[in-house]
Amino acid sequence: MSKFWSSFVKELVPYVPGEQPKLANLVKLNTNENPYGPSPKAIKAMQAEVSDSLRLYPDPNGDRLKHAVADYYNVQPGQVFVGNGSDEVLAHAFHGLFQHGKPLLFPDVTYSFYPVYCGLYGIDFKAVALDGQFQIDVDDYVRPNGGIIFPNPNAPTGCLLALDAIERLLQANPDSVVLVDEAYIDFGGTSAIALVDRYPNLLVTQTLSKSRSLAGLRVGLAVGHPDLIEALERIKNSFNSYPLDRIAIAGAAAAFDDREYFEHSCQRVIASREAVIAAMQDLGFEVLPSAANFIFARHPQRDAAQLAAALREQSVIVRHFKQPRIEQFLRITIGAPEQNQALLEALKGIV
Ligand code: PMP
């Protein structure tokens, strides 16, 4: 706190990202990165951009990437927005598409950046309780609201909401923007992008940080009706003309073009996830059904914070949230087979 801070800054409650430890040799299963690395074609495209051309500004619209995304999802480039990580895309959506006066609705157990953006942009919100199985009940979202947002699959639970339920939600809320945050959709769900042509109130965001293994590049996107995209462009062009640099545009577009590598790496993560779930259940853990690249698990006889600390002593880092309802759970990223093995060996010793 300093006397130079504005009263606005004094009141902010910032998001705290998962730890990025500086130590080598850790089994890092705490921030849902992909163990398999980006497409070799994406790396090549990025290397080609490291050249004299960096003296020039990038394309402010990222058209090359918008076309790659539009091609992949069979939509028009005018239905696509791109930004510096999906966090930035989400921030612009909060700023530009959620109405004030009525609360924004999101689940009580969800991505903890949502209330932070509400604080940043002065948006009222109401956290809607997930049911006893940590599932979203669409009927709970039929009430006055200034917008609706949830991740699908949800984070940190990994639970998936079916497309027909999302459709019911859209139909029940024709006057609100419904934002489906699909950060983890490629690990087991069907994208709601299939619905954007029919629902002008639907915005879908995605990231290249997880399934395309480019967390370090910072690229995210949104797909929706051109009117929603225009709102995001207006905010972006009032804030930073060039959120994506030349390297990011080239690498992200090449990653979208390389479908084969992408599909193969998702399948490997999914296969490992199912193996880890089975092994954890053998150790007595209860594991929520996951459609993501992480699992959410609790042990009925072991305290989660103590488990996380004991794992850490063995150099395995997982995520624990000190939050009502979920303080006895651990969120564990699915890693490479040898990392998963290290996790399971460590857990065997502990429980
Ligand atoms: N949404 C959800 C649900 C997430 O878990 C994350 C990753 N922390 C993001 C969005 C943001 O991802 P990124 O900014 O790396 O695109």
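How far is an oxygen atom of the ligand from an N or O atom in the side chain of Tyr184? The distance is 2.7 Å. The notes below concern a predicted model, and they begin with the ligand site.

1. Polar contacts of the ligand. Besides the pair formed with the side chain of Tyr184, the side chain of Asp181 places an N or O atom 2.7 Å from a nitrogen atom of the ligand. The backbone takes part as well: an N or O atom in the main chain of Asp87 is 3.1 Å from a ligand oxygen atom. The ligand on its own would expose 400 Å², of which 91% is buried by the protein.

2. The shell around the ligand. There are 14 residues around the ligand, and the nearest are Ser86, Asp181, Tyr184, Thr207 and Ser209. Two of these, Asp181 and Tyr184, have already appeared in point 1. By class, the shell consists of six nonpolar, four polar and four charged residues.

3. Where the shell comes from. The element that contributes most is helix H4, covering residues 85-97, which supplies four residues to the shell.

4. The pocket. The ligand occupies the largest pocket. For anyone setting up a docking box, the residues named in point 2 as coming nearest to the ligand are Ser86, Asp181, Tyr184, Thr207 and Ser209.

5. Overall fold and dimensions. The chain contains eleven helices and twelve strands. Its C-alpha atoms fill a box of roughly 55 × 50 × 50 Å along the principal axes. The radius of gyration is 20 Å, in agreement with the value near 20 Å for a compact globule of 351 residues.

6. Cis peptide bonds. The bond from Asn152 to Pro153 is cis, and its omega is near -5 degrees. A further cis bond runs from Ala155 to Pro156, with omega near 5 degrees. As for location, Pro153 is in the loop that links strand E5 (147-151) with helix H6 (163-172). Pro156 is likewise in the loop between E5 and H6.

7. A backbone angle to note. Asn25 is not a glycine, yet its phi is positive, at about 65 degrees. This residue belongs to the loop between helix H1 (7-11) and strand E1 (27-28).

How values were computed. Residues numbered from 1 in each chain as written. Predicted model: local features only at pLDDT ≥ 70, side-chain atom pairs only at ≥ 80, totals over all residues. Heavy atoms only, no water. Near = heavy atom within 4 Å. Polar contact = N/O pair within 3.5 Å; in protein donor to acceptor, adjacent residues only side chain to side chain. Areas by Shrake-Rupley, 256 points an atom, 1.4 Å probe, with all protein chains shown as cover. 1 Å grid on protein atoms, 1.4 Å probe; cavity = no way out; pocket = protein on both sides within 12 Å on 5 of 7 lines; lining within 4 Å. Sits in = over half its atoms within 2 Å of the grid points. Helix = DSSP H or I, 4+ residues; strand = E, 2+ residues; numbered from the N terminus. Nonpolar A, V, L, I, M, F, W, Y, C, P; charged D, E, K, R; others polar. Rg over C-alpha atoms; globule rule 2.2 N^0.38 Å.
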